[in-house]
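Let's take a walk through this one, strand by strand, and then stop at a helix. Keep the viewer open as you read.

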Amino acid sequence: MKKYLAVKAVFSLFAGMAIVSCGSGNDYTSTSRGTGWDVTGKNGFELNTTYKEQDTGPGLVFVEGGTFTMGRVSDDPMHDWNNTPNQQHVQSFYIDETEVTNGMYLEMLEFIKAVFPPEDEEYRNIYNGAVPDTLVWRNRLGYNEEMSNNYLRHPAYQFYPVVGVTWIQSVEYANWRTERVNELILNEQGYTSKDAIANQEAGATFNTETYLNAPTLTYGGDEEKTKGGKRSEALEKRKTAKASKQGGDNGEVSGLYVTRKDGILLPSYRLPTEAEWEYAALGLGSLREYNAYRGRKKYPWDGQYTRSGKRNSRGDHLANFKQGDGDYGGIAGWSDDGADITAPVKFYEPNDFGVYEMAGNVSEWVADVYRPMIDDEFNDFNYYRGNVYTRNKIGPDGMIAVVSADSIPYDTLSNGKLIARALPGEIQQESVDENETYLRTNFDRSDNRDFRDGDAQSTKYFDKKDELNDQNNRMYNSPKHSVSVDSLGNLDRQYDKNSKRTSLINNEVRVIKGGSWRDRAYWLDPAARRSYPQDMAKDDLGFRCAMSRVGSKAKKTKSPRN
């Protein structure tokens, strides 16, 4: 009997081990890892357990993140001392393989013209504020009228990088691009009606955040557009089937609208941060040499020269830049770099990440507010200066407040030009207050652009209110001009004539990266950095967009163990 009990105990032990083994091999595609409950929606809760990875948006290439030396390791002959080396780490992200072209930007202008006709008084400033400044080509002692008239709109230049755009216009283009890409995704997958894209109307356009937060307010509240398509038809069939089986309707069928947990919509297009831009320009993806890792890589390509050393292309220029005084392309023929002004995108070879023209052609706006120093002591992960935290505004009815045709927010730029900062259909934003920042340790204010470098706490007068209130005691004592427009449309320009101003740096000055067709080879170094007011434009300054990556750091990696 004892022998029988011993055998039975051993059998029970192995059976228990088998159960544990089977449990550890569960794929958890239909049950919860935490509770074992069904997560397919049968119990009212559904998880997306089949999501693989983020799709690459139109025009983007993937850049796997990592650590790198940001800034210049070599001498600084310009004596700017604004790019001292520091070690940074950036997460994986996506970036445009080329600069935004005239053709890409014109697509937005045509959309705005069709949806917000500039002949209508209430929409006129939307279109006018989005049009690039074509007069940037003019020169007091140069004849460039043909460029002013043709560069933006002539088909000969449709694949050339757009110029004459301010930082503000670049941001607005990225926002517009986000809406059009996500709107197309929903439409192609049958989540919106077939005519949702074709019939665009002012005040009834698509906005991603509005769709995710209050889908019934999307397209101006036209639910026929947001509930149409194959998805709606399938859900109606399922709803009918459930009602017939259970003898009644159990309420609204979930799934009529896409949510974040579906993983279908892409993150926002945006300007790259300075750290992301410099990392992508260096192209360290396949180069693992010590010198490259430590900041010794001088250009986006390998080597120390601006001409190719390869046997089949020896001597060819690798970028579009100014060769010397009065020399913007070289001697006509084989020695020429192929461009005197800008060159069409993809004219030169890409770097190891597959990104084109990160040196030369045009300088590019990045997201960061300019400061002479990078505060790597405070942060060395996804470094970015420019955070202004906002939240969705809630209306008196308890619903989110959406921008309408009569509540479009405009900014008056330093030149008196009006620009729309939000379009009808977008959610109104407001600054975060102490209700959200109370007892937080990671942020304590809405506007963090001058954090530790320009704010009250970073000055020597931090404990003296009278000195802090004195405008002459600001750390960056830049002029404070003001421009406003009266009811008749006349500009009221108020210039700061204070003779004690000592700097041009303020929170409206942004970083520009990369050399241009007007620059010498020195500026082709990805570490080089300059600044420019965010509401001004030049004939050699453009931009490209980026997008954050959600999920895994690298592509084609093993999926998490189930």
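Start at Ser363: its bridge partner in S15 is Leu541. This is a predicted model, by the way. Ser363 lies in strand S6, which covers residues 363-369, and S6 runs parallel to S15, with two bridges joining the pair. S6 is also a well-covered strand: seven of its seven residues are buried.

Now look at the other neighbour of S6. Three bridges tie S6 to S13, and here the two strands run antiparallel. Glu364 is one residue to pick out, as it stands opposite Lys513 in S13.

From S13 (residues 509-513) you can step across again, since five bridges join S13 to S14, also in antiparallel fashion. To see one of these contacts, find Ile512, whose bridge partner in S14 is Arg530.

Put those pairings together and you get an open sheet of four strands, in the order S14-S13-S6-S15, with mixed pairing. S14 (529-533) and S15 (541-542) are the edge strands; each has a single partner strand, so one side of each is left without a neighbour in the sheet. As a reminder of the chemistry, strands in a sheet pair through backbone hydrogen bonds, either parallel or antiparallel.

Finally, hop over to helix H9, residues 274-282. Nine of its nine residues are buried. The buried set takes in Trp277, Tyr279 and Leu282, among others, and it also includes Glu274, Glu276 and Glu278. Just after H9 comes Gly283, with a positive phi of about 60°.

Key: Residues numbered from 1 in each chain as written. Predicted model: local features only at pLDDT ≥ 70, side-chain atom pairs only at ≥ 80, totals over all residues. Heavy atoms only, no water. Pairing = 2+ DSSP bridges. Buried < 20%, exposed > 50% of the residue type's maximum accessible area, 1.4 Å probe, protein only.
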